[in-house]
Amino acid sequence: MGKMTKMISFILLTTVLAMGRESWALGNCLHEQARLRAQVHLLETRVKQQRVKIEQLLHEKEVQFLDKGEENSVIDLGGKRQYADCSEIFNDGYKQSGFYQIKPLQSPAEFSVYCDMSDGGGWTVIQRRFDGSENFNRDWNDYENGFGNFVQKNGEHWLGNRNLHLLTTQGDYTLKINLADFEKNSRYAQYRNFKVGDEKNSYDLHIGEYSGTAGDSLAGNFHPEVQWWASHQRMKFSTWDRDNDNYEGNCAKEDQSGWWFNRCHSANLNGLYHTGPYTAKTDNGIVWYTWHGWWYSLKSVVMKIRPNDFIPNIV
């Protein structure tokens, strides 16, 4: 009987030990599963963060958006030298209008611009409206970095407020604005000493003497009683998410564009693309008041700059 009792006790002890080992192994397995799940969750979080970062970088590179062309649409100058603007390219013997790489004096990198080598040559295009294909109701980041089609000759784009500052801070520039309506008429407005401030000053607008055939809508000099609210001189840039205007509301949000708004505007070349006369809650079209008033949206616009003292090299 004693032997039987010892044997049963041994079997029970062996069974308990075996079950204990299995329980320990199971516990370790569950712990390992939990650790692996935590690692997987951490990796998934990092992948999502990387995706967001990649999307942000791609968005910022939209200034070189090539949706309808290829990199080789930029005219290759063979790395001969770096050019601060299109006037230097023109005077170095390149007379073909097209996309070139420039690097303003304080710019950390090159960027692509359309050089208009007609109309005396050497013009750096900073904005183009042509057919309404591009959305100009953008946020501060888009207007700061630039956006649009930098491949097609008539591609709509905004060069970017940061690039405008880098370009205009390196000298005295003339701004020329070519305007066209849907009745095949064209006018222009020209301003000497065009300058865009830095980010600290919200890329404020500075313009000098006007000349042209479209009327002086930017300075609001068409009537002394409206200049206090219609002038864009020294106005900070505004977008729907960065309200810097002098209006109690938000001009950029109401007029659905980014611009140097006052209370709100007598010119808004980044407005919505209507086809000529339009009706809306606000005057949100592509407006140049001194030519067609507030309720006519223009067909095309080109804003371009060139040094005040530009002398074409015709050799």
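**Exercise 1. Find out which parts of the chain the disulfide of Cys 251 and Cys 264 ties together, and what its handedness is.**

Step 1: Start with the sulfurs. Cys 251 and Cys 264 form a disulfide, with their sulfur atoms 2.0 Å apart. That fits the cut-off, since a disulfide is a pair of cysteine sulfur atoms within 2.5 Å. A quick note before you go on: this is a predicted model, where local features need pLDDT of at least 70 and side-chain atom pairs count only at pLDDT 80 or more, while totals for chains, interfaces and linings use all residues. Residues are numbered from 1 along each chain as its sequence is written, and side-chain values use heavy atoms, with hydrogens and water left out.

Step 2: Look at the twist. The torsion about the S-S bond of Cys 251 and Cys 264 is about -90°, so this disulfide is left-handed.

Step 3: Place both ends. Cys 251 sits in helix α6 (residues 251-255) and Cys 264 in the loop between α6 and β10 (267-268), so the pair ties together parts that are 13 residues apart in sequence. Helices (H or I, at least four residues) and strands (E, at least two) are DSSP runs, numbered from the N terminus.

Step 4: Check the surroundings. Cys 251 and Cys 264 are both buried. Buried means under 20% relative accessible area, exposed over 50%, and partly exposed in between (1.4 Å probe, protein chains only).

**Exercise 2. Work out how many disulfides a search of the whole structure finds, and what pattern they follow.**

Step 1: The search gives two disulfides. One of them is the pair you just met, Cys 251 and Cys 264.

Step 2: Cys 86 and Cys 115 form a disulfide too, and their sulfur atoms are 2.0 Å apart. Here the angle about the S-S bond is -75°, and the link is left-handed.

Step 3: Cys 86 belongs to helix α2 (residues 86-91) and Cys 115 to strand β2, so this pair ties together parts that are 29 residues apart in sequence. Both cysteines, Cys 86 and Cys 115, are buried.

Step 4: Now count bonded cysteines along the chain, and you get the pattern 1-2, 3-4.

**Exercise 3. Decide which parts of the chain the salt bridge of Asp 119 and Lys 176 links, and whether each partner is buried or partly exposed.**

Step 1: Get the idea first. Side chains of opposite charge can pair when their charged atoms come close. The cut-off for a salt bridge is a side-chain nitrogen of Lys or Arg within 4 Å of a carboxyl oxygen of Asp or Glu. The structure holds seven of them.

Step 2: Asp 119 and Lys 176 meet in a salt bridge at 2.9 Å, N to O. The pair links distant parts of the chain, 57 residues apart: Asp 119 is in the loop between β2 (111-116) and β3 (123-129), and Lys 176 is in strand β6 (residues 173-180).

Step 3: Asp 119 is partly exposed at 35% relative accessible area, whereas Lys 176 is buried at 10%.

Step 4: Zoom out. Asp 116, Asp 119, Lys 176 and Lys 304 are linked in a network of salt bridges.

**Exercise 4. Explain what the salt bridge of Glu 144 and Arg 162 ties together.**

Step 1: The closest N and O atoms of Glu 144 and Arg 162 are 3.4 Å apart. Glu 144 is in helix α3 (residues 140-145) and Arg 162 in helix α4 (residues 161-168), so the pair ties together parts that are 18 residues apart in sequence.

Step 2: Glu 144 is buried, at 7%, while Arg 162 is partly exposed, at 35%.

Step 3: Seven of the eight residues of α4 are buried, so this helix is largely enclosed by the rest of the structure.
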